[in-house]
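Colleague: Please give me a close look at the charged contacts in this model, cut-offs included. I would like to follow them one partner at a time.

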Amino acid sequence: MADPSRSVPWLEWPQKMAANLFNVMETTDYAAERPYQLGLPMEPNGRGDTMRHLAWAAEMQRQHPWLAGMVLNGHEVLGMVQGQPLAEARHDLGVNRVGRAIGTRSQSRADTEAWTGEALDRLVPPPRQFSGR
């Protein structure tokens, strides 16, 4: 997770400007809320974090295909500048790539939700339930 105390304002303003100018905040908010709606735990590279990235990348690609790559990759570069570990950034970039592929074929948010759920189970399988026998 990036260290918020290592903020770099001159790197943050293009991302914030693009988000406000092109009205992508609804997509960002949706993606941030999606793991909590599904009851997924939030830890770096875990199921919740992966779902957040899948949902954000897919919906950005579906709604704003010309802007998605710049915003998503810029977000990860900013995270690394702020101290995000390289392993987390690599994971996030890979998940974003899968999410953007979903967004390319998605026609609706319902499509996105179905396909990101399937992708999540492939990328970060759910914990196994033991029967106790």
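Modeller: Happy to! Buried means under 20% relative accessible area, exposed over 50%, and partly exposed in between (1.4 Å probe, protein chains only). This is a predicted model, where local features need pLDDT of at least 70 and side-chain atom pairs pLDDT 80 or more, while totals for chains, interfaces and linings use all residues. Numbering starts from 1 along each chain as its sequence is written, and side-chain values use heavy atoms, without hydrogens or water.

The structure holds six salt bridges (side-chain N of Lys or Arg within 4 Å of a carboxyl O of Asp or Glu). Let's settle on R109, because at 23% relative accessibility this arginine counts as partly exposed and it is one of the residues in a salt-bridge network with E26, E59 and R62.

Take E26 as the starting partner. The closest N and O atoms of E26 and R109 are 3.1 Å apart in their salt bridge. E26 lies in helix α2 (residues 25-37) and R109 in helix α6 (residues 109-123), so this contact ties together parts of the chain that are 83 residues apart in sequence. Helices here are DSSP runs (H or I, at least four residues), numbered from the N terminus. E26 counts as partly exposed, because its relative accessibility is 42%.

Now turn to E59, which also forms a salt bridge with R109, with closest N and O atoms 3.2 Å apart. This pair again joins distant parts of the chain, with R109 in helix α6 and E59 in helix α3, 50 residues apart. E59 counts as buried, because its relative accessibility is 0%. So R109, at 23%, has salt-bridge partners at 42% in E26 and at 0% in E59.

There is an aromatic contact to add for R109. It lies over the face of Y30, 3.8 Å from the ring centre; the criterion is NZ of Lys or CZ of Arg within 6 Å of the centre and within 35 degrees of the ring normal. The charged end of R105 likewise sits over a ring, that of W115, at 4.0 Å from its centre.

One further salt bridge deserves a look alongside these: the side chains of R47 and D121 meet at 3.0 Å, N to O. R47 belongs to helix α3 (residues 47-63) and D121 to helix α6, and the contact links parts of the chain 74 residues apart. Is R47 buried or exposed? R47 is buried, because its relative accessible area is 14%, whereas D121 counts as partly exposed at 39% relative accessibility.

Key
Helices (H or I, at least four residues) and strands (E, at least two) are DSSP runs, numbered from the N terminus.
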